[in-house]
Amino acid sequence: LTAFPAELAKMDARATRLLELQQALDAASRSQPRIESDAVDIAVQNLTLSTPERTVLAEGLTFEVKRSEAILITGPNGAGKTALARVLLGLWPAGNGVKLSVPPSLSIVPQRPYLAPGCLGDQVTYPKRFGKGDEVNTWKALEKVGLLYLLQRGDRGVKGAEGSEVAGVAEGWLFQCDWEDQLSGGEQQRLALSRVLFHRPCFAVLDECTSMVAADAEERLYQTV
């Protein structure tokens with residue numbers, strides 16, 4: 001019984017995040033600027049950054065990020081860093097008179113990553129399901145973020161994926177657990193970064209995604225990504 005309130009709190013938090021996503025998608029569908037989805041680079045011209053409640057966060061934003069380049073955006077809490085990422089991903093409207101060029105291969109690594117129900121392989125390949133043939137790239141991704149030791153959990157005979165349709169792969173990839181409970185905050189963030197290394201999008205928005213990683217490892221992760 002003592003664990004019941006904690007489970008309710010977790011369910012409520014997940015439901016809140018889903019509702020926020022639905023509201024953002026609804027708002028984005030009502031007002032979308034012209035987005036050049038076949039672009040190679042990211043280009044933003046004359047963007048007024050505001051929340052769905054029309055609170056203005058920044059005005060006249062204009063910048064360009066070429067492929068293989070990086071840009072660092074800093075500012076206090078509430079300055080609009082995450083809001084800008086949501087606009088680039090099409091989750092928030094950008095208003096009228098704005099020109100956006102965003103490649104179709106754009107992903108985000110948030111501060112609080114979503115860990116889906118499923119096996120270890122699914123966590124790396126999310127949103128696609130882990131399948132036979134993914135072992136090499138998932139192994140490389142986990143190695144680069146320093147989480148290869150997670151593969152050993154399945155080899156110790158701990159709960160595996162029962163009735164899995166994936167055949168011929170190491171048992172460690174099929175290991176299942178409640179990932180949010182079993183992994184530390186830093187491990188969860190590393191796991192989210194492994195998805196970028198697995199999918200290799202043209203651009204990745206890293207939204208304070210190493211805030212719970214040790215400082216000495218944080219620099220290595222950014223160099224890797």
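This passage describes the fold, the nonpolar cores, the salt bridges and some local features of a single protein chain.

The structure is a predicted model, and the confidence of the prediction may be considered before the details. The pLDDT of the chain averages 82, and 78% of the residues score at least 70. One stretch stands apart from this average, since over residues 156-168 the pLDDT stays under 50. For that stretch the model has 17 contacts beyond four places in sequence.

The chain has 225 residues, of which 38% are buried. Its secondary structure comes to eight helices and six strands, and these elements, read from the N terminus on, follow the order α-β-β-β-α-β-β-α-α-α-α-α-β-α. When contacts between residues at least 6 apart in sequence are considered, 65% of them join residues that are at least 24 apart. The accessible surface of the chain comes to about 13,300 Å², and carbon and sulfur atoms account for 51% of that surface.

The largest nonpolar core contains 27 residues, and the members that touch the most other members are Leu120, Leu142, Val145 and Leu191. Two or more residues of this core are given by each of helix 3 (120-125), helix 4 (135-144), helix 7 (185-199) and helix 8 (215-224). Helix 7 provides the largest share, with six residues. The surroundings of Leu120 can be followed in the structure: when residues up to four places away in sequence are left out, Leu120 touches Leu142, Leu150, Leu151, Gly172, Trp173, Phe175 and Trp179. A second core, separate from the one just described, has 20 residues, including Leu47, Val65, Trp92 and Ala94.

Helix 2 (81-88) offers a further view of packing inside the chain. The buried residues in helix 2 are Ala83, Leu84, Ala85, Val87 and Leu88. In an α-helix there are 3.6 residues to a turn, so residues three or four places apart point the same way. The buried residues of helix 2 pack against strand 2 (42-50), as well as against strand 3, strand 4 (99-101), strand 5 and strand 6 (203-206). Just after helix 2, Gly90 takes a positive phi of about 85°.

Charged side chains were examined next, and a search of the whole structure finds four salt bridges. Asp41, Glu64 and Lys66 are linked in a network of such bridges. Within this network, the closest N and O atoms of Asp41 and Lys66 are 3.7 Å apart, while those of Glu64 and Lys66 are 3.2 Å apart. The pair of Asp41 and Lys66 links distant parts of the chain, with their positions 25 residues apart: Asp41 lies in the loop between strand 1 (34-36) and strand 2, whereas Lys66 lies in the loop between strand 3 (56-65) and helix 2. Lys66 counts as partly exposed because its relative accessible area is 39%, and Glu64 is likewise partly exposed, because its relative accessibility is 48%.

Another salt bridge joins the side chains of Arg129 and Asp122, with a distance of 3.3 Å from N to O. The two partners fall into opposite classes of accessibility. Arg129 has a relative accessible area of 63% and is therefore exposed, whereas Asp122 has a relative accessible area of 6% and is therefore buried.

The cysteines and a proline complete the description. The structure holds zero disulfides. Cys177, at 22% relative accessibility, counts as partly exposed, because the class of buried residues is limited to values under 20%. Cys209, at 1% relative accessibility, counts as buried. Cys209 is also in contact with Pro110, which touches Asp207 as well when residues up to four places away in sequence are not counted. Pro110 lies in the loop between strand 5 (106-109) and helix 3, and with a relative accessibility of 29% Pro110 counts as partly exposed. Although Pro110 and Val205 are 95 residues apart in sequence, their C-alpha atoms are 8.1 Å apart in space.

Definitions and conventions. Residues numbered from 1 in each chain as written. Predicted model: local features only at pLDDT ≥ 70, side-chain atom pairs only at ≥ 80, totals over all residues. Heavy atoms only, no water. Core = buried A, V, L, I, M, F, W, Y, C linked by side-chain atoms within 4.5 Å. Buried < 20%, exposed > 50% of the residue type's maximum accessible area, 1.4 Å probe, protein only. Helix = DSSP H or I, 4+ residues; strand = E, 2+ residues; numbered from the N terminus. Contact = heavy atoms within 4.5 Å. Disulfide = S-S within 2.5 Å. Areas by Shrake-Rupley, 256 points an atom, 1.4 Å probe, with all protein chains shown as cover. pLDDT = per-residue confidence, 0-100.
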